[in-house]
Amino acid sequence: MSENIIYKLTEKNTKIQTELTNTRRLLKEATRSSLQNKSIISELIKIKAPGKVAFSPSKINTNLNTPIFMWSDWHVEGVVDLKNTHGLNEFSPKIAKERINILIKETKNYIKNISYKYNEAIIWLGGDFIEGWIHPELEQTNAMSPIEATQFAIDLLNYAIKEVEKSIPKNKKITILCNYGNHSRITMKMQHGNQSKTNFESLIYNNLKTSFPKIKFIFSNEIGYYNMKSGGTLRFCHGHQVRSIVAASLDKWKNNINKYISADLTILGHYHTMSVPCKDLVINGSIKGFDEYAYGLGLGFDEPRQGV
């Protein structure tokens with residue numbers, strides 16, 4: 001074997017050894033980083049507390065002075081396996097109940113500490129309180145049937161509204177705004193003209209209306225509007241009407257809708273990501289939190305939380 005060939009083989013071997021050493025170093029660093037991240041994430045999941053986000057008039061650029069409690073995307077009978085999200089989140093009816101208890105505790109604390117004057121409090125029921133059977137997979141993985149989940153959601157919402165009603169001063173009015181979610185539909189695809197007749201949440205909302213005769217309920221078939229007592233118009237919809245939550249797309253959608261009826265603030269859910277992507281528009285989070293669907297698509301991680 002010539003010296004030239006021996007030199008080239010030695011050079012190649014050295015290069016391979018160097019790459020192998022670098023790979024081992026990077027793997028060690030990645031493992032250390034992964035363990036640190038897992039520790040942080042475990043702490044978040046251990047808390048299981050839906051965060052609260054306060055929107056002051058200065059942030060939404062209008063003088064609303066009205067507490068708006070945003071409740072949507074609870075998916076109460078849904079199941080998320082901790083292993084399937086690699087430790088990022090788990091969910092079950094039991095965890096749903098725990099998180100809603102925390103949500104109500106935080107909501108009552110928020111009410112107690114409101115510093116501005118207000119005439120009414122708004123609870124927005126944004127839909128997707130149940131997971132439903134809209135996909136064959138959900139028929140196999142959900143902890144309950146849609147009918148069982150509907151009753152479970154009614155029980156949880158009854159408790160939640162009752163606690164808020166007790167916390168709001170007697171001289172303040174409570175208004176509940178209702179949207180229908182896409183997960184609670186009984187049709188193959190979401191329909192626009194008759195949502196109230198083709199959605200389990202119609203049963204939920206009407207049951208709640210009977211249980212709370214002193215509270216005003218407003219049902220919206222698609223996109224709703226409410227003129228608040230403090231002034232300003234609130235637009236509310238579940239969120240499946242919006243194809244993208246990129247700021248430019250949302251701005252375009254909002255501006256197009258404003259041609260029909262303008263609003264000072266728009267609230268929506270559906271995307272399980274708490275954010276204020278553009279002016280005067282808020283996207284709510286979820287109680288269910290990060291799941292296998294979001295993980296598989298590489299969507300951003302968001303804690304289970306609801307807005308106010």
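Cysteine 178 is buried, with a relative accessible area of 0%, where buried stands for under 20%, exposed for over 50% and partly exposed for the range in between (1.4 Å probe, protein chains only). Cysteine 278 is buried as well, at 8%. A disulfide, in general terms, is a covalent bond between the sulfur atoms of two cysteines. A search of the whole structure returns zero disulfides, the criterion being a pair of cysteine sulfur atoms within 2.5 Å.

A word on the model: it is predicted, so local features need pLDDT of at least 70 and side-chain atom pairs count only at pLDDT 80 or more, while totals for chains, interfaces and linings use all residues. Residues are numbered from 1 along each chain as its sequence is written, and side-chain values use heavy atoms, with hydrogens and water left out.

**The chain and its two sheets**

The chain holds eight helices and nine strands; these are DSSP runs numbered from the N terminus, with helices (H or I) of at least four residues and strands (E) of at least two. Of its 308 residues, 46% are buried.

One open sheet has four strands in the order E1-E2-E3-E4, paired in parallel; strands count as paired if DSSP finds at least two bridges between them. Its edges are strand E1 (68–71) and strand E4 (216–219), each pairing on one side only. From one strand to the next, the twist averages 20 degrees; axes here are lines fitted to C-alpha atoms, for helices over the stretch in contact, and angles run from 0 to 180 degrees between N-to-C directions. Six bridges join strand E2 (residues 120–125) to strand E3 (residues 173–178) in the parallel sense, and cysteine 178 in E3 stands opposite leucine 125. Helix H5 (residues 146–167) lies across E1, E2 and E3, at about 170 degrees to E1. Helix H6 (residues 200–211) also packs on the sheet, touching E2, E3 and E4, with contact taken as heavy atoms within 4.5 Å.

The other open sheet has five strands with mixed pairing, ordered E5-E6-E7-E9-E8. Strand E5 (224–227) and strand E8 (275–278) each have a single partner strand, so one side of each lacks a neighbour in the sheet. E5 runs antiparallel to strand E6 (residues 233–237), joined by four bridges, and tyrosine 225 has arginine 235 in E6 as its bridge partner. Helix H7 (residues 247–258) lies across E5, E6, strand E7 (265–268), E8 and strand E9 (281–283), running at about 75 degrees to E8.

**Salt bridges**

Eight salt bridges are counted, each requiring a side-chain nitrogen of Lys or Arg within 4 Å of a carboxyl oxygen of Asp or Glu. Here are some of them, with their N to O distances.

| Acidic residue | Basic residue | Distance |
|---|---|---|
| Aspartate 81 | Lysine 83 | 3.4 Å |
| Glutamate 98 | Lysine 94 | 2.9 Å |
| Glutamate 131 | Lysine 288 | 2.7 Å |

Aspartate 81 is partly exposed at 29% relative accessibility, whereas lysine 83 is exposed at 65%. Glutamate 98 and lysine 94 are separated by about one helical turn, because they lie four residues apart in helix H3. Glutamate 131 and lysine 288 link distant parts of the chain, 157 residues apart: glutamate 131 is in the loop between E2 and helix H4 (136–141), and lysine 288 is in the loop between E9 and helix H8 (292–297). Both glutamate 131 and lysine 288 are buried. Lys108, Glu163 and Lys166 form a salt-bridge network.
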